[in-house]
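Dear colleague,

I am handing over a structure that I would like you to look through at your own pace. Please open it first, and then read the notes underneath.

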Amino acid sequence: MITLIILVFCTSCSPKHEKTTKTPTFNYEKNTLMGKNGKIGMKSETLKKGKESEITFYVWGTEEELSTPFEVRGINESKLGTKKESVIPPITILKYKDSIIGEPNLIIKSKVKPLEDGNWKLTTMFNDKKFYTFNVNVLDE
C-alpha cells in the first residue's frame, strides 16, 4: 500500500512537457502549405538556426480585416522559462485583391533568421489581433 502511494505521488510530481501540435497542411498550386485552407497558408524553406530563410504567407479574408497592419510574433516553446517573444517583420506585402474563388487575397513575404533552434510558435497578427498560429521546428545547423 505504501509503495502504491509513493508511486502515485512520484508520477504526479514529474515535470510536464508541452506537446507541440503539428500544424495541418494543405495543397495550393502544386505547393504544400502549412495552415488552414481558405484562411492562411505558409510556405517556407527548412528553417535552420542562424540561417536566413524566406517565408511566404498566402492569406484569404475580407479587405477590412486584411488591410490592417500585419506582423508575425515568434516564441521559442523549447526554451522553458525563457519564452522571449520576437517580431518577424514583413518585407513585402502585395496589395489586397478581390480573388477568384480559391485564390488568396493577400500574399506576404518575410525573411527570418532564427537565433535558436527548437519548437517555435509563429502567431500571425492583423491589427494586433491573433489571426493564426503555426508550430514550426527550427533545426540546429
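The notes below deal with one strand and its partners, and then with aromatic rings.

This is a predicted model, in which local features need pLDDT of at least 70 and side-chain atom pairs count only at pLDDT 80 or more, whereas totals for chains, interfaces and linings use all residues. Residues are numbered from 1 along each chain as its sequence is written, and side-chain values use heavy atoms, with hydrogens and water left out.

Strand β9 covers residues 118-126, and because seven of its nine residues are buried, it is largely enclosed by the rest of the structure; buried means under 20% relative accessible area with a 1.4 Å probe, protein chains only, and strands are DSSP runs of E with at least two residues, numbered from the N terminus. Strand β9 pairs in the antiparallel sense with β5 (residues 70-76) over seven bridges, and also with β10 (residues 129-138), over nine bridges, where pairing requires that DSSP finds at least two bridges between two strands.

Tyr132 in β10 is the bridge partner of Thr124, and Tyr132 is buried at 14% relative accessibility, while Phe134 is buried at 0%. The rings of Tyr132 and Phe134 have centres 4.9 Å apart and planes at 65°, so this pair is edge-to-face (rings of Phe, Tyr and Trp, the last by its six-membered ring, pair with centres within 6.5 Å; planes under 30 degrees apart are stacked, over 60 edge-to-face, the rest tilted). Both residues belong to one aromatic cluster with Phe57, Phe70, Phe126 and Phe131.

With best wishes

Technical notes. Buried < 20%, exposed > 50% of the residue type's maximum accessible area, 1.4 Å probe, protein only. Helix = DSSP H or I, 4+ residues; strand = E, 2+ residues; numbered from the N terminus.
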